[in-house]
Amino acid sequence: MEPLHRVLAPAVIRWDGDRPYSVGFGDVYHGTDGTEEAERVFLEPARFDERVAAAESFTVGELGFGLGRNFALAAERFLARSTGRLHYLAFEQAPVGRDDLERAARASGWAMHRCLVDALPPAITGWHRRRFAGGRVLLSLYLGDVVAGLEDLSGRQRSGVDAWFFDGFAPRCNPEMWSAAVCDAAAALSRPGATVTTYSSAGVVKRALRQAGFTVRRVDQRPRKWHALVGVLPGSWSPRTVIRPPVSVVGAGFAGCAAARALAERGFEVSVHDTSVAAGASAIPAAVVHPRLLGDGSGAASLRAHGYGFAVHALAGHTGFRSTGALQLSGPDGDPSRLERILPVLPPDWIAPVSAREATELAGVEVSAEGLHFPHAGLVDGPAVCHALLDHPRIQLQRGPPAGQVTVLASASRITERFPELEVAPLEGQADLFRGPCLRVPVLGDGYAAPSVSAEECWVGATYEYRRWELGQATAANADRYRRLFARSPAAPVGVFRGTRAVTSDRLPVIGRTDADTYVTAGHGSSGTTTAMLAGEWIASLIAGESPPVTRDVETLCRVERFRERQLRRPNPFARRERVSRRTS
Ligand SMILES: Cc1cc2nc3c(=O)[nH]c(=O)nc-3n(C[C@H](O)[C@H](O)[C@H](O)COP(=O)(O)OP(=O)(O)OC[C@H]3O[C@@H](n4cnc5c(N)ncnc54)[C@H](O)[C@@H]3O)c2cc1C
């Protein structure tokens with residue numbers, strides 16, 4: 001069994017002109033003319049153009065994502081032929097690095113290939129969701145062992161696969177990819193009449209496909225090579241009918257807005273219900289988009305790393321998001337081993353150790369300690385991002401009660417008004433805006449300091465007020481943070497933000513389905529800019545019949561029923577409490 005969270009080494013590729021060769025597998029990714037080959041071997045025998053033109057929604061599964069060539073071609077072709085949506089599920093054990101992907105994208109010249117380079121996920125195990133073309137193309141890329149990935153998908157993807165592309169390295173170099181177990185799993189995830197196309201015509205592949213139920217025939221590839229294969233499952237393939245009931249989302253903070261946007265991009269009509277946009281904690285003027293990594297290899301660590309990877313992709317280009325990068329210094333205890341523990345959680349292009357001198361250069365102010373640099377991190381202006389997410393023709397903001405057939409509750413700690421058994425509670429906090437110094441990037445460690453847009457002020461926070469604090473106590477605590485960070489005292493604050501986080505008893509958000517038509521995304525604590533973005537995609541996937549963008553383990557960790565189950569053994573620790581009285585966030 002794979003560990004829950006692991007960084008994968010990048011594939012080592014040697015280029016012979018336009019021909020990429022995998023040193024690890026001892027095989028080429030494709031021949032000299034990759035485009036023509038992808039068309040001839042994978043798309044044509046699957047009758048891809050004809051089928052997608054008739055389909056409102058089409059699902060492809062690919063084994064061996066490689067340099068993303070088949071994905072980019074299929075996505076471009078889909079967008080040109082269909083008005084519907086493509087879900088592309090792909091599996092890759094050895095993810096390629098940015099330079100190689102960039103080279104492949106330059107060679108193909110396809111816009112989708114370029115988009116993929118810009119959205120390249122961190123090379124960590126598990127599912128990576130990417131949305132392209134306003135949500136019309138959805139990529140679910142599983143990084144890790146293909147058998148584990150197929151197992152993880154099993155039973156969670158209600159919309160079956162229409163066409164498989166088997167594009168792993170040759171069976172002699174990579175036998176696991178072509179095993180009977182893999183072919184069986186693919187067949188089980190397919191719709192009637194689904195196709196499989198592959199360049200390999202090896203006997204072992206034919207046998208495994210036949211055994212899994214595919215009727216297999218050879219496809220003449222002369223004069224390039226002898227044969228490729230196409231397999232078809234029993235039953236007649238027909239375009240999928242998509243039913244999209246209207247959805248009501250309660251709460252217009254990060255959680256509600258992210259869910260509304262992900263649903264609207266899937267074609268759902270969405271009404272969002274709140275008194276105003278960003279009326280709660282998401283009114284925060286400068287929230288740091290940072291993973292708050294855990295170094296324990298747990299499911300929670302995986303959730304944070306994946307939430308971050310998805311959020312920076314989903315927020316990119318939206319008004320209100322500034323891609324600044326961020327620095328993390330050791331925490332209030334000054335213990336550098338904390339940084340050492342989290343360094344291996346993300347690959348080197350997502351997290352890098354920096355000396356005090358490098359940190360000073362990045363921050364634009366004197367930093368006396370070494371730290372970690374997160375080049376993809378950024379800052380969110382809460383109201384601006386919420387408005388930008390809701391700015392979609394299929395989303396309407398309403399004041400009245402929800403009337404949709406399906407409801408998504410994103411009402412933070414007020415979720416307990418409807419589901420009292422959920423262990424979610426309010427926890428107040430404050431950030432203060434002080435003049436100077438001119439920080440270039442957010443700095444985290446002992447709380448955080450984040451530059452305002454003009455960079456003439458910085459937000460310093462945040463307090464966790466487990467008991468009611470005296471007037472001025474929060475500002476004093478934030479002024480202390482400022483002093484420790486910048487070795488001087490701030491003048492009186494020029495702005496204050498107070499908000500109420502929704503925290504859970506186990507520090508994990510609540511994401512999932514409660515009853516037939518009600519879904520929940522809440523309890524995002526201090527990480528709403530990351531986990532709430534992923535949760536929006538997750539909820540939309542559940543409603544649309546897609547697998548969620550996380551592994552089964554992470555889905556289980558965040559599920560709604562966990563509290564009810566625990567309450568069979570012990571009471572709800574938050575019951576009858578106004579506020580959280582112990583550290584839970
Ligand atoms: C001081 C402070 C600093 C923070 N710093 C960061 C940071 O740097 N980075 C980070 O990622 N996160 C940070 N956070 C946390 C972040 O703000 C939250 O995680 C995030 O805003 C939660 O979003 P949400 O949509 O779940 O909740 P909210 O934004 O609170 O939204 C809930 C919404 O539900 C609405 N609602 C409730 N009940 C109903 C109802 N019955 N009907 C209709 N609407 C209803 C409310 O009006 C509200 O608009 C900080 C929080 C605080 C307080």
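How many bridges join strand S16 to strand S18, and in which sense do the two strands run? Let's find out together, keeping in mind that this is a predicted model.

**Stop 1: a pair of strands**

Select residues 326–329, which form S16, and residues 371–374, which form S18. Four bridges join these strands, and they run antiparallel. To see individual pairings, click on Gln-328: its bridge partner in S18 is Leu-372. Then move to Leu-327, whose bridge partner in S18 is His-373.

Keep His-373 selected and look for Ala-352, which stands opposite His-373. You have now arrived at the pairing of S17 with S18, which is antiparallel and has three bridges.

**Stop 2: the sheet around that pair**

Now widen the view to the sheet. It is open and has eight strands, in the order S17-S18-S16-S23-S24-S25-S22-S26, with mixed pairing. Which strands stand at its edges? Select 352–354 for S17 and 495–504 for S26: each has a single partner strand, so one side of each is left without a neighbour in the sheet. On average, neighbouring strands here are turned by 25° against each other, direction ignored.

As you follow a strand with your cursor, watch the side chains. In a regular strand they alternate between the two faces of the sheet.

**Stop 3: helices lying across this sheet**

Select residues 356–363 to bring up helix H12. This helix lies across S16, S17, S18 and S23 (443–445), and runs at about 100° to S17.

Next, select residues 473–486 for helix H14. The strands that H14 lies across are S16, S22 (424–435), S23, S24 (447–451), S25 (457–461) and S26, and H14 makes an angle of about 55° with S22.

While you are here, zoom in on Ala-462, in the loop between S25 and H14. The peptide bond leading from Gly-461 to Ala-462 is cis, with omega near -10°.

**Stop 4: another eight-stranded sheet**

Travel now to an open sheet with the strand order S6-S7-S5-S4-S8-S9-S11-S10, again eight strands with mixed pairing. Its edge strands are S6 (126–132) and S10 (215–220), each of which pairs on one side only. Neighbouring strands in this sheet are turned by 20° against each other on average, direction ignored.

For a detail, select 190–198 (S9) together with 227–232 (S11): these strands pair in the antiparallel sense over four bridges. Within that pair, Thr-198 stands opposite Leu-229 of S11.

Which helix packs on this sheet, touching S4, S5, S6, S7 and S8? Select residues 69–81 and you will see H3, whose direction makes about 175° with that of S5. To display the strands it touches, add 57–63 for S4, 85–92 for S5, 137–143 for S7 and 161–166 for S8, along with S6.

**Stop 5: the ligand**

Finally, centre the view on the ligand. Of the 31 residues around it, those that come nearest are Asp-274, Ser-282, Val-288, Gly-525 and Thr-529. By class, this shell has 13 nonpolar, 15 polar and three charged residues.

Try drawing some distances from ligand oxygen atoms to polar backbone atoms. You should find 3.0 Å for Ala-255, 3.5 Å for Ala-279 and 3.4 Å for Gly-280. Taken alone, the ligand exposes 1000 Å², and the protein buries 88% of that.

Which elements give two or more residues to the shell? They are helix H9 (254–264), strand S14 (287–289), S22, S26 and helix H15 (528–544). Among the elements, S26 gives the most, with three residues. You have met S26 before, as an edge strand of the sheet at Stop 2.

One last click takes you to Ala-278, in the loop between S13 (270–273) and S14. Its phi is near 55°, a positive value in a residue other than glycine.

Technical notes:
Residues are numbered from 1 along each chain as its sequence is written. This is a predicted model: local features need pLDDT of at least 70, side-chain atom pairs count only at pLDDT 80 or more; totals for chains, interfaces and linings use all residues. Side-chain values use heavy atoms; hydrogens and water are left out. Two strands pair if DSSP finds at least two bridges between them. Axes are lines fitted to C-alpha atoms, for helices over the stretch in contact, and angles run from 0 to 180 degrees between N-to-C directions. Contact means heavy atoms within 4.5 Å. A residue is near a molecule or strand if one of its heavy atoms lies within 4 Å of it. A polar contact is a pair of N or O atoms within 3.5 Å; within protein, one must be able to donate a hydrogen and the other to accept it, and residues adjacent in sequence count only if both atoms are side-chain atoms. Accessible areas come from the Shrake-Rupley method with a 1.4 Å probe; for residues, only the protein chains shown count as cover. Ala, Val, Leu, Ile, Met, Phe, Trp, Tyr, Cys and Pro count as nonpolar, Asp, Glu, Lys and Arg as charged, and the others, Gly among them, as polar.
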